[in-house]
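User: I would like to go through this structure by question and answer, beginning with a single strand and its partners and then widening the view.

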Amino acid sequence: MAPAPRPARAGLWLWLCLVGGGGCLHCSNERLAYSIAFAKEAPAARCTHVSYSRTKPVLLQHPCHQYNPWDKQKISVYLGKDVFVSTTTFEASLSPLCIPKELEAKAAAVSAIAFVHTDRVSMVINGRVYLYLESPDGWVVSAGVSLPVSELSNVHCCYTGEDSQCKALSSTLFAYDTGRSVSDSHIFLSKDGGYTFTRVQMSTGERGVLLGVYNFISFGLTGLLINRTEEDETGKAAGAYFRYLGTENNRVSNHSSAVFHLLRKGPAKLWSIHSLGLRGFIILWTTDILLISSNNGLIMDEVTVMPTKKFQNTTFSNSGFSLVSVSGSEIAVLTQNKQIFYGSISLVTTVVYIATDSSIDLNTTVMLFEERGWLTLLSPVISNFSQLYDFKKCKFNLQLAIWRSQQSCDVEILEGDFENKIYYIDMHENLTLNATFVPKPGKTSIPMVTVSNPHVLAFSAKISEIGFTYDGNTKYLLHIGLQQQYFSGFAELDFCDSLLDGEISTVTVDIPDKGIGCIDVAPLTALVAVSCPPTKHIRLFKNITACDKGLLQEAVLKKNFSYAISYEIYDPQFLARPNIQQDNLEIKYDFKNLGCPLLVYYKNPWVPILELWENGAFQKRVSAEFVMFEINGMHNYDYLLTANDANCFSQPQNWTALLKEQESPDPHTAWTRRNYMSCKDRNGPELKWPSVKYQVLGGGKNKIIFPPYNGLYVFKAIIVDTFYSYCDLSITFSIYVYGAFPRSYISFQATLIGLLILILLLILTGYFLPHLSLKKNHPKVKVF
C-alpha cells in the first residue's frame, strides 16, 4: 500500500476557511489509498458481480472497530454499484466482490449484510443468505433459510475479555423479510454465526407490518418493529412501535413501546444501527426522518440540531438524509443537499452543523470514522494501472470544525479504569466502580450514571472531592455501587426479573450537558453480567485421605486401578431397586479427576465439607443446601434425618420421585437449582409422609449414614439452593469407608450349635478337671 498525499496547500485552504468563517469544507488530509502489488487481487474467472440493491451507497464498519478485544483488524464493507470488503479500512486496492456462478448465475443484488465475529460477513443476496469468509473457504451457503428474506440483524459484544457469553452473543443472527404481517413473515434465527438457521414463529396477534427484528440483549428481549396504518381496537394510534418478546420471567416481555411516526411518505428503505456498546441505543433512519432511542426503543426521539450563526434552525433541512454514520458515541449525518452534521450520542442526542460541500458525489461517497474526532469521506476510483479500485480519502479534523461553530466543552477530564470491561455480579454480591472527573472552572457539569436494564441491575452513586489538578481545578471522584436489583431493596419484587437465569446490563457514566465540543470526553461504559462468574466453582475439603493412612496406595490408584461393586447394592437406573438380577459392576478408578479418596469411618454420620473458590482463591465454606448421589448407582447408604426431624412444613423432594418424572432418568439433571423446592415452604405440597428420609444436605443437621461396609463410593454433590448462586455448582469426588468387620458367611444355626457345644465342653471340663486333679494328688497306697 502506498498512499498518495495531496499538496500541503490543503491545510492552507482549511485555515483560510476557518478564518473566513464560511461554510466550506476542505480536507486536512486528502490522499489516494492503493496497492503496488495487484496480481493476488485479480478477480476469479467464473463469478457473478455483486452490487447493492439500493441507489445510494453506504459503508458499514464492524461495530467493534473502535475497540480491539481480539487483536485483529475488523472488516468494513462498502455497498454501492460495486461491493468491496476490506480488512484494512480501505488502505489498499481491491477488486469488486463477486460470487461464484455456481451459487448465483445471474445478477447478484445484496440487500443486507451483518458482521459475524471479526472475520466473516453474512449477506442476503437475491433473497438467500450466504456467509463470506476472508479465507480459502470463500462463500458458504447458510443452511435452514427455506424462504426468501431481505434483512439481517445482530449485535456484537465488543468488551475486553475472552468471555463465553460475549462470544455467543456475537454469534446470534436474525434473517427476515419485511412488508408482511408478523405472523406471515419469514423469520429465521442462527446461533452459530450464520452457518445454520431455524425458523422462528412469532404469534403476537399484531396486525401491523413487520419492519425489523432486533436482539435487545441488554433488555434480555427480542424486539419486533411493527408499523400499523390504522388505529387498533384498544385505541392505540397508528404508527410504528416496538413489540418486546421474551421469557415469562422478563418483566418487559409482551409489552409495547410508545408509538412514533417513521414512514412519513409511505414505503421506504429503513436503516438501523443498534450495537453501540449494548448501551440500549438504537438509531432508525430513512431518507425522510432520523430517530434515536437510549432505552431499546421504548421512546424514540428525533435527533435535533443545535443552532449556530451559520445554521440557525433546530431541525434538519427538508432535503432529506443521505447517510448516517456512527462510531461509539459519535454520529455524523450527511443530507441530500450535502450538509454535514456532527454530534455525540447521549441521553439527549444533538448535532451541530459542520459545513456544506457541493463537491460531494452522493452516488459514490460514504462516511466513516477511522479514529475519534476525525471524519473520513471515502469513494472508490478505478485504478490507472489495473482492474482494481483505489480509494480516495478525504479526512478532516472535527475538533477544528467544532471550534469554528463556537461549541465549547464544560469538562476537562472524565475517566475510569472500568471502560470497555466485563464484570460479574453473582447473587448477594456487590460491585464498586470509580470514575474521576474535572469540570472546567466555573462550570457545574455533573456525571450521570445509567443502566440499560434496571430490572436486573441497581446502583447507588455519590460524589466526593479528592484533590486538585496541576492547573488548580477541583478533581472529583464518582463512587458507583452496583448490585442485583432483586436483592437491592430499591424496587418491588414484581419489578425485578427472574432469578433462574442471569442477564446482562451495561452501566454508563456520561455528562449529558458537557457540550458538543467535548469530542475527547467519551462516555465510560462497562458490561455487567448478573450471572455466574466463569471461574467460580466448588471444591471438597479433604482433611485426611485413605492414602494418608496407608489404606490405599497412590501409586496403585494411578495404575489403572479398578474395583467391583456387588450386584446387590447398585441400580443402573438410580432408583435404589432391591434384588435386581444383574452382575457385579467393574469400575475403573479415575485418579486424574478424583485423586486419593477422602477417608470416612463407617460408624460416624458424615456430610462433605464444600468450599467456594473463584479466580483460583478460596472464598468461603459453602453453607447452601445441596444433594448427592453415587454416580455408579450404589444405594447402600441412608440419611440421618426424616422429614419430621428436619422440621419440614411440606413434603420434601426425593431422588426417586424426581427421576421417575424424567423420560430418561438422569440424576445429573433430575435435581438442580432450577427445580428445587424447599420443604420449609408452607405453600408446598402437603406433608403426608413425615417419616420419609430427608435427602437434602447442608444448612442443617442432616448427614449420610453407612452400613457396615468397607469400600469406595464416588459421589456427585449438586448445589440446589435457588438463592445461593447463578452458577450450576457441582463436584464429583470419592470417599473410602472403612472400619467394618469382614462379612461372615457362616449361618446363624451353625453358629448357635457351635456355641452350645463350646459351652457344654467348658462345663464338662469344669466338672472333670477337679476330680482328675484329686486323683493325682492322693494316689492309692498298696501295703505289703
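**Strand pairing and cores**

Analyst: In this predicted model, strand E14 is joined to strand E15 (residues 198-199) by two bridges, and the two strands run antiparallel.

User: Which residue of E15 is the bridge partner of Phe188?

Analyst: Strands E14 and E15 run antiparallel and are joined by two bridges. Within E15, the residue that partners Phe188 is Arg199.

User: Which residue of E14 stands opposite Leu173?

Analyst: Strand E13 (residues 173-176) also pairs with E14, in the antiparallel sense and over four bridges. In that pairing, the residue of E14 that stands opposite Leu173 is Ser190.

User: Which residues of strand E14 point the other way from Ile187 and Leu189, and are they buried or exposed?

Analyst: In a regular strand, side chains alternate between the two faces of the sheet. Along E14 (residues 187-190), Ile187 and Leu189 point one way. The residues that point the other way, and that like Ile187 and Leu189 are buried, are Phe188 and Ser190.

User: Which strand gives the most to the largest nonpolar core?

Analyst: The largest nonpolar core has 72 residues, and those with the most contacts inside it include Val77, Met123 and Phe316. With five residues, the strand that gives the most to this core is E27 (residues 350-356).

User: How many residues are in the second, separate core?

Analyst: Nonpolar side chains tend to be buried together in soluble globular proteins. The second core, separate from the largest, includes Phe561, Leu575, Phe629 and Ala646, and its size is 66 residues.

User: Is Ile763 buried or exposed?

Analyst: Ile763 lies in helix H9 (residues 748-777), and Ile763 is one of the residues, with Leu752 and Ile759 also among them, that make a nonpolar surface patch of about 670 Å². Because its relative accessibility is 53%, and the cut-off is over 50%, Ile763 counts as exposed.

User: What percentage of contacts between residues at least 6 apart in sequence join residues at least 24 apart?

Analyst: The protein chain has nine helices and 49 strands, and 51% of its 784 residues count as buried. Among contacts in this chain between residues at least 6 apart in sequence, the part that joins residues at least 24 apart is 64%.

User: What percentage of the accessible surface belongs to carbon and sulfur atoms?

Analyst: The accessible surface of the protein chain comes to about 38,500 Å². Of this surface, the part that belongs to carbon and sulfur atoms is 54%.

Conventions: Residues numbered from 1 in each chain as written. Predicted model: local features only at pLDDT ≥ 70, side-chain atom pairs only at ≥ 80, totals over all residues. Heavy atoms only, no water. Patch = residues over 30% accessible without salt bridge, like charges linked within 9 Å, V, L, I, M, F, W, Y side chains within 5 Å. Areas by Shrake-Rupley, 256 points an atom, 1.4 Å probe, with all protein chains shown as cover. Salt bridge = Lys/Arg side-chain N within 4 Å of Asp/Glu carboxyl O. Buried < 20%, exposed > 50% of the residue type's maximum accessible area, 1.4 Å probe, protein only. Contact = heavy atoms within 4.5 Å. Core = buried A, V, L, I, M, F, W, Y, C linked by side-chain atoms within 4.5 Å. Pairing = 2+ DSSP bridges.
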